[in-house]
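Dear colleague,

I am passing on to you the structure we spoke about, and would be grateful if you could look through it when you have time. The sequence and the coordinates come first, and my notes come after them.

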Amino acid sequence: MTDAPAGRAASAQGREGPQPSPDAVAVLGRLSVRGWSIAAAESLTGGRVTATLVDVPGASAHVRGGIVAYATEVKASQLGVDAALLAERGPVDPEVAAQMAEGVRRALRADVGLATTGVAGPDPQDGKPVGTVHVAVATPETVVVSTLSLSGSRDAIRTQAVHGVLELALTVV
């Protein structure tokens, strides 16, 4: 029998929760080697990229923050995405993703910017089918964009988009 109060036992059990994403651990490890910081601009993922990064113990050494730019006008006003580009192509576009990644780097003074934009469903958006996702990574050296065609539920598409942007980051960080 133990003398530990019930509250302490519950706290200890809470620390045994889900393990951090291996992709997030790897990204933060690479940032550590380079001495870089990171920030995320998120549309369809609604903060999940940032949350996935901060699930990793010690993430505060590298994560600057995130901007959830769900509304199109927020992409322009907060991230500096070109309003003419948004008007012409809409928010689900590879160049929009690139500008979001660059914009969050500037806005939060980070070395690396991540971005997600796309259609999680349940309905198509601006003629783009559900599962169309663009992810981007901007570093001091390059900007890369990947277009993904994802399937599954709304939740599954959003989860896959998080995984996709972290995998893309591993190719350039």
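What follows is a description of the chain as a whole, then of two helix pairs, the largest pocket and two backbone details.

Please keep in mind throughout that this is a predicted model. The chain holds seven helices and five strands, and, when it is read along the sequence, these elements follow the pattern α-α-β-α-β-α-α-α-β-β-β-α. The C-alpha trace spans about 70 × 40 × 25 Å along its principal axes.

Two helix pairs deserve a description. General practice is to describe two packed helices by the angle between their axes together with the distance between those axes.

In the pair formed by helix α2 (residues 22-34) and helix α7 (residues 154-172), the axes come within 9 Å and cross at roughly 30°. Since angles under 35 degrees count as roughly parallel, α2 and α7 are therefore described as roughly parallel to each other, and the crossing in which α2 passes α7 is left-handed. On the α2 side the contact is made by Asp23, Ala24, Ala26, Val27, Arg30 and Arg34, which meet His163, Leu166, Glu167, Ala169, Leu170 and Val172 of α7. Sorted by class, this contact of α2 with α7 consists of seven nonpolar residues, one polar residue and four charged residues.

In the pair formed by helix α4 (residues 72-79) and helix α6 (residues 94-107), the axes again come within 9 Å, and they cross at roughly 40°. The helices α4 and α6 are therefore oblique to each other, and their crossing is left-handed. Here Lys75, Gln78 and Leu79 from α4 meet Val96, Gln99, Met100, Gly103, Val104, Arg106 and Ala107 from α6, and by class the contact of α4 with α6 has five nonpolar, three polar and two charged residues.

Turning to the empty space, the largest pocket encloses about 170 Å³. It is lined by 15 residues, of which Ser43, Leu44, Tyr70, Gly118 and Gln125 are the closest to its centre. The elements that contribute two or more residues to this lining are α4 and β3 (112-118), so that α4 appears both here and in the contact with α6 described above. By class, the lining of the largest pocket divides into six nonpolar, six polar and three charged residues.

Finally, there are two points in the backbone that you may wish to inspect. Gly121 and Pro122 are joined by a cis peptide bond, with omega at about 15°, and Pro122 sits in the loop between β3 and β4 (132-138). Arg109, in turn, has a phi near 50°, which is a positive value in a residue other than glycine, and Arg109 is placed in the loop between α6 and β3.

With best wishes

Conventions. Residues numbered from 1 in each chain as written. Predicted model: local features only at pLDDT ≥ 70, side-chain atom pairs only at ≥ 80, totals over all residues. Heavy atoms only, no water. Axes fitted to C-alpha atoms, helices over the stretch in contact; angles between N-to-C directions. Helix = DSSP H or I, 4+ residues; strand = E, 2+ residues; numbered from the N terminus. Parallel < 35°, antiparallel > 145°, perpendicular 65-115°, else oblique. Left-handed = near helix turned anticlockwise from the far one by under 90°. Contact = heavy atoms within 4.5 Å. Nonpolar A, V, L, I, M, F, W, Y, C, P; charged D, E, K, R; others polar. 1 Å grid on protein atoms, 1.4 Å probe; cavity = no way out; pocket = protein on both sides within 12 Å on 5 of 7 lines; lining within 4 Å. Points joined across faces, edges and corners; volume = space filled by probe spheres on them.
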